[in-house]
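Hi,

Here is the structure I promised to pass on. Have a look at it first, and then read my notes underneath.

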Amino acid sequence: MPEFLEDFSEQIRVKKERIRDILTRGRTSPLDRDIGDLLRAHWLPITATPIETEVIAVDGSRALRPYASGAFLYIVRSLALWRGRRFRLLEADSFLSKANVHNISTFIDARMEYLEFEVAKAALKDSPAGSILLMDGSLHGRMARLPRASPAEGMKYFMLQYFESLYQLLELCRLNNIMILGISKDSRSSFLRDHLLNVLLRQELDKLADLDPQDRNRLVTLFNEAPENPAHTFAGLRALKERYGDRLARFEEILREVVAARTDHQLIRNYVKTAGYTLSMELALDRKGVKRVEQIKQSPRNYARIHFGEAALEFPDPEGFIEEAAEKLKLIPDLPAIVSFHLLLDPRDTPIRVDTPGWVLGRSNRLCDIKQSQPVPVDVNNIIGVLLAGYAGLRDYNIWLRQVDEEVRLSRETVDKLYISTLEKILEITVIHSRGYRRVRYP
């Protein structure tokens with residue numbers, strides 16, 4: 001409708017400068033110069049050369065469709081490619097759930113990742129020791145999934161399977177000297193930014209050395225709590241400012257940056273003009289994740305009763321299920337700590353995030369050992385060399401992952417015209433989508 005296009009154009013003209021700045025630079029802050037200087041000080045030039053090796057690439061895709069009956073149909077599939085061989089898995093099923101769409105979508109993402117673990121294990125049985133396993137997405141993000149009952153009726157136990165399969169995959173890689181890498185093209189992570197802000201915090205605390213020790217400790221507490229409870233944090237800051245006034249002005253800017261939506265990739269694009277990579281960091285879970293891992297360590301049985309109580313009711317022997325669940329939960333604290341860094345292979349390109357288990361780089365920490373993300377002195381040149389060998393320029397950040405993505409991707413047309421029509425023919429029914437399906441895209 002032309003009249004809407006005219007309205008759109010007028011809106012953009014009025015807000016031109018603000019929208020352009022947000023789309024190209026993101027958030028701005030009085031700390032920009034300091035953050036940029038710190039980032040460049042932590043930016044390392046690429047000295048590695050391409051390394052040709054055996055590469056197994058794994059990716060998955062998923063589709064979710066809601067129906068008027070209140071049921072959901074999902075399709076997930078995964079693919080591993082190695083030496084022209086294809087290892088495939090597909091799962092299609094339906095379920096009922098009272099959960100909201102976000103939680104259901106998160107569950108389907110986890111089902112897809114689970115199939116990726118399974119197809120990767122199948123591919124590794126035939127691949128030689130010393131191969132490279134590339135997985136699309138963050139390894140740490142997979143570990144950060146909450147071990148609790150899923151929202152799908154009849155599959156509430158699923159996250160126990162998920163973590164067991166992830167543990168098995170990582171152990172298979174470790175025992176067979178397989179370098180496993182998680183590659184994220186569009187990472188929303190901010191672990192490097194958080195580290196830089198921690199550096200700025202320490203510098204500011206040095207300037208505030210004459211503050212009452214309890215108040216200085218309170219500032220650190222406010223900094224740590226800010227991401228999860230900003231309202232409480234700034235209320236605490238206002239109370240301290242009544243005593244110290246403008247002396248806390250810079251600390252307030254640091255707090256505002258802590259709660260802001262700025263990613264590491266945004267900072268790299270804004271402040272770095274050369275190819276290179278960031279320092280590597282061993283990553284902790286968020287505060288809730290750390291707490292849950294501690295609860296599992298202390299009593300996996302109690303954790304199972306609290307978080308998988310509903311799942312137990314789906315089995316004829318609930319107590320037996322709890323015992324089995326407790327054994328699977330014990331694997332989670334023993335997952336390896338993940339080391340992560342950001343890599344920019346061309347200054348005109350976007351960065352990628354690279355995750356790998358610490359043991360790939362000679363470290364032995366487990367997930368439960370890391371309470372706070374921290375820089376680690378490791379040599380990642382071999383990893384960069386592998387990724388350089390698969391880099392084909394601005395249109396193709398990784399030749400192996402691009403190929404597997406193209407083959408496994410589920411398009412909307414494929415789902416609706418092929419899979420759904422096949423389902424209806426086999427079932428001899430015509431299933432009616434929920435009304436929301438027409439308004440909301442369920443990829």
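Let me start with strand β9 (residues 338-344): seven of its seven residues are buried, so the strand is largely enclosed by the rest of the structure. Buried here means under 20% relative accessible area, with exposed over 50% and partly exposed in between, using a 1.4 Å probe and protein chains only. Both faces of β9 are covered, with I338, S340, H342 and L344 buried on one side and V339, F341 and L343 buried on the other.

A word on the model: it is predicted, local features need pLDDT of at least 70, side-chain atom pairs count only at pLDDT 80 or more, and totals for chains, interfaces and linings use all residues. Residues are numbered from 1 along each chain as its sequence is written, and side-chain values use heavy atoms, leaving out hydrogens and water.

Helices (H or I, at least four residues) and strands (E, at least two) are DSSP runs, numbered from the N terminus, and two strands pair if DSSP finds at least two bridges between them.

Which strands pair with β9? Strand β7 (residues 276-278) does so in the antiparallel sense over two bridges, with G276 opposite L344. Strand β8 (residues 281-283) is also antiparallel to β9, over three bridges, and M281 stands opposite S340. Strand β10 (residues 352-357) pairs with β9 in the antiparallel sense over six bridges; there, R353 is the bridge partner of H342.

Finally, β9 is among the elements that cover the buried residues of helix α16. In α16 (residues 381-389), those are I383, I384, G385, V386, L387 and A389.

Best wishes

Methods. Contact = heavy atoms within 4.5 Å.
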